[in-house]
There are 2 protein chains.
Amino acid sequence: MCATLSDMPAASIRARARAEMINEIKTIARRHLAAEGANLSLRAVARDMGMVSSAIYRYFPSRDELLTALIVDGYHALGDAAAAGDAGVTDRADLRGRWLAVCHAVRRWALAHPAEYALLFGSPVPGYAAPQETTVAAARTPATLIGILVDGFATGALTDPGPSELPDPVHADLAAVRDSLFAGLPEALLARGATGWIHCFGAVSFELFGQLDGVIGAREEYFDHQMRRMCDLIGLPCP
Amino acid sequence: MCATLSDMPAASIRARARAEMINEIKTIARRHLAAEGANLSLRAVARDMGMVSSAIYRYFPSRDELLTALIVDGYHALGDAAAAGDAGVTDRADLRGRWLAVCHAVRRWALAHPAEYALLFGSPVPGYAAPQETTVAAARTPATLIGILVDGFATGALTDPGPSELPDPVHADLAAVRDSLFAGLPEALLARGATGWIHCFGAVSFELFGQLDGVIGAREEYFDHQMRRMCDLIGLPCP
DNA sequence: AGCATTTGAGAGCAGTGCTCTCTAACGAGA
DNA sequence: TCTCGTTAGAGAGCACTGCTCTCAAATGCT
């Protein structure tokens with residue numbers, strides 16, 4: 001009945017009710033998103049809650065704010081799925097196995113939540129600029145992937161490919177990312193990880209957005225094949 | 001004044017006026033798309049044409065039909081850009097140079113027409129199922145890329161990597177594609193080409209849909225670097 | 001117990017896609 | 001050249017959307 005939120009220990013009754021209300025709105029909005037696709041209707045959500053549409057505005061100042069909340073939740077759900085995929089591999093030294101596990105976890109989450117995935121990675125909403133809070137949530141999944149490379153470099157399983165494979169300006173951009181998130185990781189390895197993440201995103205989007213329709217039937221095998229090829233490119237050894 | 005359409009040589013005056021009207025609607029719709037983003041308003045288009053909204057329905061039975069027409073046009077424009085990029089490389093034996101030229105042409109087109117690109121490769125419209133005519137137009141760009149591999153295999157510059165790198169079900173899917181579009185090309189090469197195309201799409205989408213914001217500043221160099229790495233993976237030799 | 005805050009209802013505005021009816025114009029055949 | 005049937009466009013209207021504003025009721029805090 002009362003879902004205790006860990007970050008508000010002695011919340012007032014009103015604040016509690018409010019938090020529950022917000023959760024219910026988001027849940028119903030997610031259901032609508034899954035059923036109808038991207039064009040989420042505030043009025044329809046309100047109707048499903050037995051409320052009038054203007055009441056929703058007590059909890060979300062606009063439809064965009066609701067979408068932002070769903071996006072942040074979505075990034076975190078995807079990040080959780082990715083982290084769980086990584087954690088499910090018991091042999092922590094099996095870098096390739098961990099990488100593949102995370103990629104498949106991302107794909108499975110996307111297939112299970114296509115509308116939310118489209119919200120995260122599809123065409124951006126016209127006048128919509130992603131606020132800061134979305135970008136930190138968005139970073140979790142690539143961070144999980146590149147964390148595998150960090151582990152590999154720390155144990156000596158991966159070595160620095162050297163700076164020669166990167167153009168200078170990219171070198172600088174990646175150094176900034178490395179310094180803020182992946183201390184000690186060579187830029188070339190970071191670049192390889194980013195390439196792997198982009199290809200994972202590309203392959204999932206390609207499949208989910210219908211570009212594979214009528215061409216490839218064995219979707220999972222095809223995805224697995226592609227991710228293995230990326231492992232080769234990254235330099236993740238077969239155990 | 002009279003843009004002659006090659007496929008209607010002796011069109012009646014009415015048919016000519018109608019074709020021009022359809023073109024004008026599409027042109028204005030494209031302008032709106034570029035300005036406002038994906039949520040195209042029929043009424044706004046009608047207003048810009050000095051017509052009432054219901055008049056548009058004389059030319060397009062629904063908003064979705066207008067979007068479909070724009071999508072088909074977009075695929076063809078992208079296909080033209082890709083083909084022009086390939087044709088711009090005078091040394092036809094420089095497979096890597098041709099591949100990179102096509103990839104950069106795709107990216108340039110996408111940056112110049114972001115809303116149209118999003119229409120083609122972004123989240124699919126909810127109840128919208130792509131009709132057959134879109135898929136044949138969509139195939140032109142990957143066909144240009146894989147045509148480079150066909151050339152390379154024909155001249156002996158590329159060799160069959162062998163079937164071992166493909167799982168069986170994917171093998172069968174690719175064989176069907178090969179037989180209908182790229183006669184004689186080994187499946188493994190086709191698979192490598194598809195991977196390259198998917199990564200090109202992924203990298204462009206990643207950049208265009210804002211996932212690179214605040215991370216990579218040197219966009220073109222980064223894209224170039226990634227495409228070169230894909231050339232390595234595909235096995236396109238440096239000239 | 002009283003009060004101030006919060007909540008929801010309801011009406012309303014401007015916009016949307018789409019349908020229907022009606023009139024005016026216009027091209028094609030005689 | 002003149003008539004006639006097709007067609008383009010106008011206009012009203014329906015159901016829907018996001019959002020704002022006002023008002024009354026409920027509700028938690030002091």
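Buried area is the accessible area, found with a 1.4 Å probe, that two parts lose on being put together, summed over both. Keep that idea in mind as we walk through this predicted model.

**Stop 1: the two protein chains**

Show chain A and chain B in two colours. Between them, they bury about 3800 Å², and 67% of that area is on carbon and sulfur atoms. If you select the residues that touch across the boundary, you should find 45 in chain B and 45 in chain A. Now pick out B:Ile198, B:Phe206 and B:Arg229: within chain B, these lose the most area to chain A, together 16% of what that side buries.

**Stop 2: DNA strand C**

Next, select DNA strand C and the protein around it. How many residues surround DNA strand C? There are 24, and the closest are A:Val52, A:Arg58, A:Tyr59, B:Leu42 and B:Arg43. Sorted by class, the residues of this surface come out as 9 nonpolar, 7 polar and 8 charged. Look at the DNA side too: of the strand C atoms within 4 Å of the protein, 50% belong to sugar or phosphate, and the rest belong to bases.

Zoom in on the phosphate oxygens of strand C, and visit three residues in turn:

- A:Arg18 has a polar side-chain atom 3.0 Å from a phosphate oxygen of DNA strand C.
- A:Val52 uses its backbone instead, with an N or O atom 2.7 Å from a phosphate oxygen of DNA strand C.
- B:Ser41 has a side-chain N or O atom 2.9 Å from a phosphate oxygen of DNA strand C.

Now switch to cartoon view. Helices H1 (13–36) and H3 (53–56) of chain A each give two or more residues to the surface near DNA strand C, and so do H1 (13–36), H2 (42–48) and H3 (53–56) of chain B.

**Stop 3: a helix crossing in chain A**

Stay with H1 of chain A and add helix H6, residues 114–121 of chain A. Their axes are 7 Å apart and the packing angle is about 95°, which means H1(A) is roughly perpendicular to H6(A). Show side chains for A:Arg30, A:Leu33 and A:Ala34 in H1(A), which meet A:Ala115, A:Glu116 and A:Leu119 in H6(A). This contact has 4 nonpolar, no polar and 2 charged residues.

**Stop 4: a helix crossing in chain B**

Finally, select helix H9 (residues 168–181) and helix H10 (residues 187–208) of chain B. What is the angle between H9 and H10? It is about 90°, with the axes 9 Å apart, so H9(B) is roughly perpendicular to H10(B). Among the residues making the contact are B:Leu174 and B:Val177 of H9(B) and B:Leu190 of H10(B). By class, the contact divides into 5 nonpolar, 1 polar and 2 charged residues.

Key:
Residues numbered from 1 in each chain as written. Chains lettered and ligands numbered in written order. Predicted model: local features only at pLDDT ≥ 70, side-chain atom pairs only at ≥ 80, totals over all residues. Heavy atoms only, no water. Near = heavy atom within 4 Å. Polar contact = N/O pair within 3.5 Å; in protein donor to acceptor, adjacent residues only side chain to side chain. Helix = DSSP H or I, 4+ residues; strand = E, 2+ residues; numbered from the N terminus. Nonpolar A, V, L, I, M, F, W, Y, C, P; charged D, E, K, R; others polar. Axes fitted to C-alpha atoms, helices over the stretch in contact; angles between N-to-C directions. Parallel < 35°, antiparallel > 145°, perpendicular 65-115°, else oblique. Contact = heavy atoms within 4.5 Å.
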